[in-house]
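Please walk through the strand pairing in this protein model.

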Amino acid sequence: TRGLTITSVDQSMFEKAQGEKVTLPCTFELSEEDEGPLDIEWVLIPADNQKKEQIIIMYAVDRVYNHYYAGLTGRMQFTNLDPRSGDGSLDILNLKASDTGTYQCKVKKAPGVQSKKIQLTVLVKPARTKCSIEGSQEIGKDVTLKCVSQEGSPLLSYDWRRVSGAQNLPATSVLNKNTGELLLKNASREYSGTYSCVATNRVGTDECSVELNVTPPINTAGIITGAIIGTLLGLSVLCSIIFCFCKKHREKKYEKEVHHDIREDVPPPKSRSSTARSYIGSNRSSLGSMSPSNMEGYTKTPYSQVPSEDFERAPTQTPAFAPSKVAAPNLSRMGAVPVMIPAQSKDGSIV
């Protein structure tokens, strides 16, 4: 007699790309001796031996139970809707990197019991590959072309090729397939062109390109000289502007000071009435400084005959004052200033 037997023993390792679908085979044959209820379980064996196996889906008593493992909920199912037909294979949809692990199929029908382990590896295709240039793109310099994939499961391999011009890489180039660096030594103008990098792993490829333009060396001495000359010219213009501004400011300040001095030093012009009042006032002050005894000998000048402003300004007329008949008092003792009083002649004129 023979008992329950699992027939799918050919493939025990699978490699799939992320997002794809995988079918883990588990077909079996029953014998006449297997009379008990059919029980099929799929369990996930963790990489850490300290952790327990986790049931992910089960068929028992003509019913499917698939709510044991939240990580695969909604993404797994039995391949055959009726596992009693001898097919207990498992489909996993939209694979993720976290689905990587060891899966075990257990088939039970008393008294027979059989199991099978399958290793599943979910790989990530290369993605978001970027190309760049490192170093000076000048004739005679060393230039490095870099290629890096932001996503992708190891082992990644990089390969460079020339798209434009000569298809072959320059003779001085050195390629590192593991890091994706292409070193071009002693670059020349013939190295210019478009270069493409292809990143590859076991489940896919990704590509990027970059444009290399090798140019003659830059005249750094001329650039530095021009920068210095430009700076000096700028400083000269700035100094000229500041000098002109300061000069104009000083001129305005000087004009204000001169105008202010003129207004303070020059007295206001005299009118005829003010001249007459000034003259009469001076006579009164002079007479007031005399004693009554000394005023008898002075001739009284009528106020109606006050000298005009023309008389004061005439340069050809020099008034002659007659000596007083009475000796002038000692003014120094009295603290008064001597003043000459004009006298009136017989014809009425002032002498």
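The paragraphs below follow the strands and their partners in what is a predicted model.

Start with strand 10, residues 101–109. Seven of its nine residues are buried, that is, under 20% relative accessible area, so strand 10 is largely enclosed by the rest of the structure. Strand 10 pairs with strand 5, which spans residues 38–45; the two run antiparallel and are joined by eight bridges. One place to locate this pairing is L38, which stands opposite K109 in strand 10.

Strand 10 also pairs with strand 11, residues 112–123, again in the antiparallel sense, here over nine bridges. A hairpin with two residues between the strands links strand 10 to strand 11. Within this pairing, V107 has Q114 of strand 11 as its bridge partner.

In general, strands of a sheet pair through backbone hydrogen bonds, in a parallel or an antiparallel arrangement. Side chains in a regular strand point alternately to the two faces of the sheet.

Next comes a sheet built from strands 3, 9 and 8. This sheet is open, has three strands in the order 3-9-8, and its pairing is antiparallel. Strand 3 (22–24) and strand 8 (76–78) form the edges, each pairing on one side only. On average, neighbouring strands of this sheet are turned by 25° against each other, with direction ignored.

Within the sheet, strand 8 is joined to strand 9, residues 90–92, by three bridges, and the two strands run antiparallel. Which residue of strand 9 is the bridge partner of M76? The partner is I92.

How values were computed: Residues numbered from 1 in each chain as written. Predicted model: local features only at pLDDT ≥ 70, side-chain atom pairs only at ≥ 80, totals over all residues. Heavy atoms only, no water. Pairing = 2+ DSSP bridges. Helix = DSSP H or I, 4+ residues; strand = E, 2+ residues; numbered from the N terminus. Axes fitted to C-alpha atoms, helices over the stretch in contact; angles between N-to-C directions. Buried < 20%, exposed > 50% of the residue type's maximum accessible area, 1.4 Å probe, protein only.
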